[in-house]
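Hi,

Here is the structure I promised to pass on. Have a look at it first, and then read my notes below.

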Amino acid sequence: MVMAWPSPWARRHRHFPTVLVACPILLLAGKQDMSSLQGCCTLCSILMLVGGNLGVLVKIHQDSINGTEGQSVLLPVSYRFDGAPRFPMKIVWNSSNMRDELVTCSVLNCSLGARGAPSSCSAQTFYHTTYRGRTQLFPENGSLLLSDLQLSDSGVYSVTFKPSPQSWHITLTVHEQHSTPEHPGGNLGVLVKIHQDSINGTEGQSVLLPVSYRFDGAPRFPMKIVWNSSNMRDELVTCSVLSCSLGARGAPSSCSAQTFYHTTYRGRTQLFPENGSLLLSDLQLSDSGVYSVTFKPSPQSWHITLTVHEQRSTPEHPDNKDPASTRYYVIGICSSVSLLLLFLLFCCIRRWGVARQQKRRIIQQQQVSSVEESHMESTVATDMATIYARIGDSFEQSRQRPAPEVVYTSLTSPGPPQQDTGLYHLLV
């Protein structure tokens, strides 16, 4: 039989789920044993909670994000391993607008960097048909990119790192696109919009430099989208947009393009030709600077200032700066948990053994008492028989038997004559 109790410590901390831990029930007599067993199982659940949260440390950089219709937005998340990783690990995104899972990513393997930060992950990602072509998940940090935003995309998005049931939530609000802030992009008839001119990022995470454009007239292809950085002389990204489908108000979609990335940023950058936004992944402190985008052949540029901050420990997930001390810390806690579990098992087995000994003693006492009772009954019967015998002997001894006497008499029997007649004696 199996019983489960939720941990009281988990109830007091809402950001930790209630974990059910199965414990075997020993058939012990008495309510005191059951209450002790329940206490043991509650302690086991607390230990499992503490051990379960040592695996993956998750951080939400923004719990509320604003987006613009037709543009892209990044839901920023990051995680790192606090100990030996367990693969495969699932990253699941859900939306309040749908019942099914939005994105499911099975992370098969990752290289671990400083402080357990994953990099170069191999994964299998599955997107829901409703959002297919408009979503992209990055297994190195778990962030989700939503492109071609629609007003119906507004809602609460949650991410879960399974097998842990805990979820983290981000609220997305999509606003209607207005034409007032757009700037003409030369004689190409391109209207460009910068959604944020100053953006903050965190070391090791991802950030989106949001830009959007639309054609104010007949488009001319090919068109070049060029990104530059104040940290380097060469062009950071060059994208040649060959063709696009035009939607409402000249918004491009389903563009075919050829994109070239600088070797310094290759593998860490991605440009979206449908809006011109640039995604920077695995941020470094040296990435801080001014980034500019140009829609050539127009010489006009638009600038965005990026500031990358050092990753620091948060109150929810304390961090150690020394990876070696972190490993020793985890090993120490795991050893303590194992010893406590063994101690609890020993206590349960000992209580079970004590209960069995008590039961054996009770049975032996009952057997001894029954033997004594039967012996007493037989002894009483024997004593009664002896008493009766003694009483009979006493009666027989009290009677006096008379002494034998010799009586002489003469007997004459009628019979034929000439028979011998003599004296006979009879002992009376």
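A quick word on naming before anything else: helices and strands here are DSSP runs, numbered from the N terminus, with at least four residues for a helix and at least two for a strand. By that count, L339 belongs to helix α3, which covers residues 323-398. Keep in mind that this is a predicted model, so every value below is computed from it.

**The patch around L339**

L339 has a relative accessibility of 58%, and because the cut-off for exposed is over 50%, L339 counts as exposed. L339 also has nonpolar company on the surface: together with L342, L345, I349 and W352 it makes up a nonpolar patch. The accessible area of those residues together is about 520 Å².

**The cysteines**

How many disulfides does a search of the whole structure find? The search turns up 2. For the chemistry, a disulfide is a covalent bond between the sulfur atoms of two cysteines.

One of them is formed by C110 and C121, whose sulfur atoms are 1.9 Å apart. The link is right-handed, with 115 degrees about the S-S bond. C110 sits in strand β8 (residues 103-112) and C121 in strand β9 (residues 118-127), so the bond ties together parts of the chain that are 11 residues apart in sequence. Are C110 and C121 buried or exposed? Both are buried.

C244 and C255 are joined by a disulfide too, with 1.9 Å from S to S. Here the angle about the S-S bond is 115 degrees and the link of C244 and C255 is right-handed. C244 is in strand β20 (residues 237-246) and C255 in strand β21 (residues 252-261), with their positions 11 residues apart in the sequence. As for accessibility, C244 comes out at 14% and C255 at 13%. Buried means under 20%, so C244 and C255 are both in that class.

Which cysteine sulfur is nearest to that of C105? It is the sulfur of C121, but at 8.3 Å, and C105 is in no disulfide. C105 is buried, because its relative accessibility is 0%. C348 is buried as well, with a relative accessible area of 15%.

**The sheet with β8 and β9**

Strands β8 and β9 are part of an open sheet of 6 strands, in the order β4-β13-β12-β7-β8-β9, with mixed pairing. At its edges are β4 (64-68) and β9, each of which pairs on one side only. Neighbouring strands in this sheet are turned by 25 degrees against each other on average, direction ignored.

Further in, strand β7 (residues 89-95) and strand β12 (residues 155-162) run antiparallel and are joined by 6 bridges. If you want a place to find that pairing on screen, look at N94, whose bridge partner in β12 is S158.

**The sheet with β20 and β21**

Strands β20 and β21 belong to an open sheet of 6 strands as well, and the order there is β16-β25-β24-β19-β20-β21, again with mixed pairing. Why does one side of β16 and of β21 lack a neighbour in the sheet? These two stand at the edges and have a single partner strand each, so one side is left without a neighbour. From one strand to the next, the twist averages 25 degrees.

Strand β25 (residues 301-309) is a good one to click through. Which residues make up its covered face? They are W302, I304, L306 and V308, while S301, H303, T305, T307 and H309 make up the uncovered one.

On one side, β25 runs parallel to strand β16 (residues 198-202), with 5 bridges between them. S198 has T305 as its bridge partner in β25, and T202 stands opposite H309. Strand β24 (residues 289-296) pairs with β25 in the antiparallel sense, over 6 bridges. Here V290 is the residue opposite T305, so you can use T305 as a landmark for both pairings. A hairpin of 4 residues joins β24 to β25.

That's what I have for now. Shout if you would like to go through any of it together.

Cheers

Key: Residues numbered from 1 in each chain as written. Predicted model: local features only at pLDDT ≥ 70, side-chain atom pairs only at ≥ 80, totals over all residues. Heavy atoms only, no water. Disulfide = S-S within 2.5 Å. Buried < 20%, exposed > 50% of the residue type's maximum accessible area, 1.4 Å probe, protein only. Pairing = 2+ DSSP bridges. Axes fitted to C-alpha atoms, helices over the stretch in contact; angles between N-to-C directions. Patch = residues over 30% accessible without salt bridge, like charges linked within 9 Å, V, L, I, M, F, W, Y side chains within 5 Å. Areas by Shrake-Rupley, 256 points an atom, 1.4 Å probe, with all protein chains shown as cover. Salt bridge = Lys/Arg side-chain N within 4 Å of Asp/Glu carboxyl O.
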